Amino acid sequence: MRNWDGDTSKSSQGAALAVITGTRALGYEYIETEADPMEALAQTANDLMEKFGRLDPEWGEVNRIVRGDVSVPLDGAPDVLRAIYADRDGVAKDGVMNAFAGDSHIFIADWAPDGSLRVDSIHNYGSATLDETSPHYADQVELFANGGYKPVAMTLEAVLKEATRDYRPGQGTAD
């Protein structure tokens, strides 16, 4: 852990030991009770050895976003520029920390000097966060995990071009 450079990219081989130990020792929130750092380190080391056979698995093997049948490696950790909060004790259960919070719904707006506007967005799951049968339940997971964005339709014409159904509150749907 002494040689870990603070990197929380998917390929980092020090992040698992450092981040999991840190969150176990310090918690995710100020209201949590702090644990003994040496006990947290020992627990994390034992869990990593049991699940991965080594102390330095790539962070993406451990830190993942799991949504339905989709499971992909993820950059980030608590309180970094790519803020990701995951089930830190998942590594003890099945070896995977499933991301559940953090940077998750992001918009980027760009007004060019010529006056044109562009908006890109990403959501960690998709636009149907509760409907597991929807094609949009996990359709943005891989794009999110890879740091990508998608353009947002900004005109009625563009919205209608992308629409798959017409919903009007109080009037039902017209597919």
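**Empty space inside and at the surface**

Strand β4, which covers residues 97–102, gives the most to the lining of the largest cavity, contributing three residues. The model examined here is a predicted one, and the cavity to which β4 contributes holds about 40 Å³ of space. With 30 Å³ or more as the threshold, the count comes to one cavity. Rolling a probe the size of a water molecule over the atoms is what reveals where such empty space is left.

The reader can trace the wall of the largest cavity through I65, L74 and I84, then through A99, F100, A101, D103 and S104, and finally through N124 and F144. Sorted by class, this lining comprises seven nonpolar residues, two polar residues and one charged residue.

From the cavity we turn to the largest pocket, in which about 690 Å³ of space lies. The pocket is lined by 21 residues, and those closest to its centre are S127, H136, Q140, K150 and E162. Two or more residues of that lining are given by each of the strands β5 (105–111), β6 (117–123) and β7 (150–151), and likewise by the helix α6 (156–162). Among the contributors to the lining of this pocket, β6 provides the largest share, which amounts to three residues.

The chemical make-up of the largest pocket can be set out in the terms used for the cavity: its lining divides into eight nonpolar, nine polar and four charged residues, whereas the lining of the largest cavity has seven nonpolar, two polar and one charged.

Definitions and conventions
Residues are numbered from 1 along each chain as its sequence is written. This is a predicted model: local features need pLDDT of at least 70, side-chain atom pairs count only at pLDDT 80 or more; totals for chains, interfaces and linings use all residues. Side-chain values use heavy atoms; hydrogens and water are left out. On a 1 Å grid over the protein atoms alone, a cavity is a set of points where a 1.4 Å probe fits but cannot get out, and a pocket is an open set with protein on both sides within 12 Å along at least five of seven lines; lining residues have an atom within 4 Å of a point. Grid points are joined across faces, edges and corners, and a volume is the space filled by probe spheres set on the points. Helices (H or I, at least four residues) and strands (E, at least two) are DSSP runs, numbered from the N terminus. Ala, Val, Leu, Ile, Met, Phe, Trp, Tyr, Cys and Pro count as nonpolar, Asp, Glu, Lys and Arg as charged, and the others, Gly among them, as polar.
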